[in-house]
Amino acid sequence: MPETHPVDAISQRMDLAGIADGLRAASSFLITAHINPDGDAVGSMLAMAHFLRALGKTDIVCVNDDPVPSIYAWLPGAQDVLSSDVKPADLAPDAVILLDAGKKARVGRAAEWFPPTAPLFVLDHHLEEHPDGVRCFVDPSYSATGEILVDLFLTANVPIDKAAAECLYVAIATDTGGFRFSNTKPRTHRYAALLLEAGIDAAQISSRVFEVMSPEKFELLRRVLDRMQREADGRLAYTYITARDMTEVCAKVEDLDGIVNFARNIMGVEVGILFRETDPQTTKVSIRASAPFNAAAFLAAYGGGGHKAAAGATVHAPLNTVRADIIERTIKLLGEGK
Ligand code: AMP
Ligand code: MN
Ligand code: MN
């Protein structure tokens, strides 16, 4: 396909008009997002499917390694997201779209569904210098991939109907913590206003997404809060969850969403960390930080990434080892004013 609107020929970045032209030229699509999809990943996948249908496309498949979390299962189209466990025999997309992640490695087994010949489109807002796609729009100034997609609808002159607006609103509202995080910009509110004008019930969405909590999540929260530790004169707070906790309270991975914020929300805390033992040799680290601490840069050394204020990494070492190492290095960096 010709590069109609290249912005940066080396990383094959382009503007959204170029992305829209590329999508118009294709006829069958595979849409995916990062593993353990959050509201932005799910909302963006579904909004992209709505966008393509509005362009008259009908051959569209959404796939993810992990199920759609139950708090997002009511979104229009959520029931059609396939699990990457079973690949349809006739799947042959001529375009693959990766959302809310810039690297194929963040997709897990779903990446095995990508035909080597199909161009990979990447729309993402994470700090990523070298996204994997051939047609990329990666811009960390956007609060959410959903905010990029609102721009795509506007650029391509595609009307946003109520179903698409619900998906986009969930994407933006969740990644901004309900329009409270520092990534919330005037554009974020302007786009949210457009989504309200499309007829969504924002109060009902907020209740479903931010307020209602599974009993299993509540039980996890009890343990996590009880174990919270503070260091560096209260500038660092951290807690942990073991694999045994998860089994004992029958929690799902989706129940962990937002739990790290309780560490960050303690007054005076600049860095909040949640350590989770996924198995005896693997630890998932989630960091929430305020400037000047750069969580994404810090976790890049552990093979992770994300944003300055919110980042994650999966480290192949036991919980106790990872926790001791990361706490020590964080205290040192805080002491150096970084
Ligand atoms: P989490 O702590 O998992 O909620 O992730 C916080 C942010 O970091 C999100 O934007 C994630 O997409 C990103 N992130 C989490 N884990 C990784 C990883 N292993 N590599 C790159 N980015 C990640
Ligand atoms: Mn995400
Ligand atoms: Mn996101």
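How far is the sulfur of C167 from the closest cysteine sulfur, and in which residue does that sulfur lie? Hi everyone, let me start there. The distance is 9.5 Å, and the partner is C62, so the two are too far apart for a bond. Please keep in mind that this is a predicted model.

Seen from the other side, C62 has C167 as its closest cysteine by sulfur position. A disulfide is a covalent bond between the sulfur atoms of two cysteines. The count of disulfides in this structure is 0. Both cysteines sit inside: C167 has a relative accessible area of 0% and is buried, while C62 counts as buried at 7%.

Now to the metal. The manganese ion, ligand 3, takes its protein donors from D40 (OD), D100 (OD), H125 (NE2) and D175 (OD), at 2.1 to 2.2 Å. Along the chain, these donors follow the spacing D-x59-D-x24-H-x49-D. There is a second manganese ion, ligand 2, 3.6 Å from ligand 3, and D100 coordinates both. D100 lies in the loop between β6 (95-99) and β7 (120-124), and D175 belongs to helix α4 (residues 162-175); they are 75 residues apart, so this pair links distant parts of the chain. Both of these aspartates are buried.

Last stop, S84. You'll find S84 in the loop between β5 (82-83) and β6. Is S84 buried or exposed? Its relative accessibility is 7%, so S84 counts as buried. Beyond its sequence neighbours up to four places away, S84 touches V63, N64, D65, R109, A110 and W113. The C-alpha atom of S84 is 9.0 Å from that of G108, which is 24 residues away along the chain. Thanks for listening!

Definitions and conventions. Residues numbered from 1 in each chain as written. Chains lettered and ligands numbered in written order. Predicted model: local features only at pLDDT ≥ 70, side-chain atom pairs only at ≥ 80, totals over all residues. Heavy atoms only, no water. Donors = N, O, S within 2.8 Å, 3.2 Å for Na, K, Ca; no water. Helix = DSSP H or I, 4+ residues; strand = E, 2+ residues; numbered from the N terminus. Buried < 20%, exposed > 50% of the residue type's maximum accessible area, 1.4 Å probe, protein only. Contact = heavy atoms within 4.5 Å. Disulfide = S-S within 2.5 Å.
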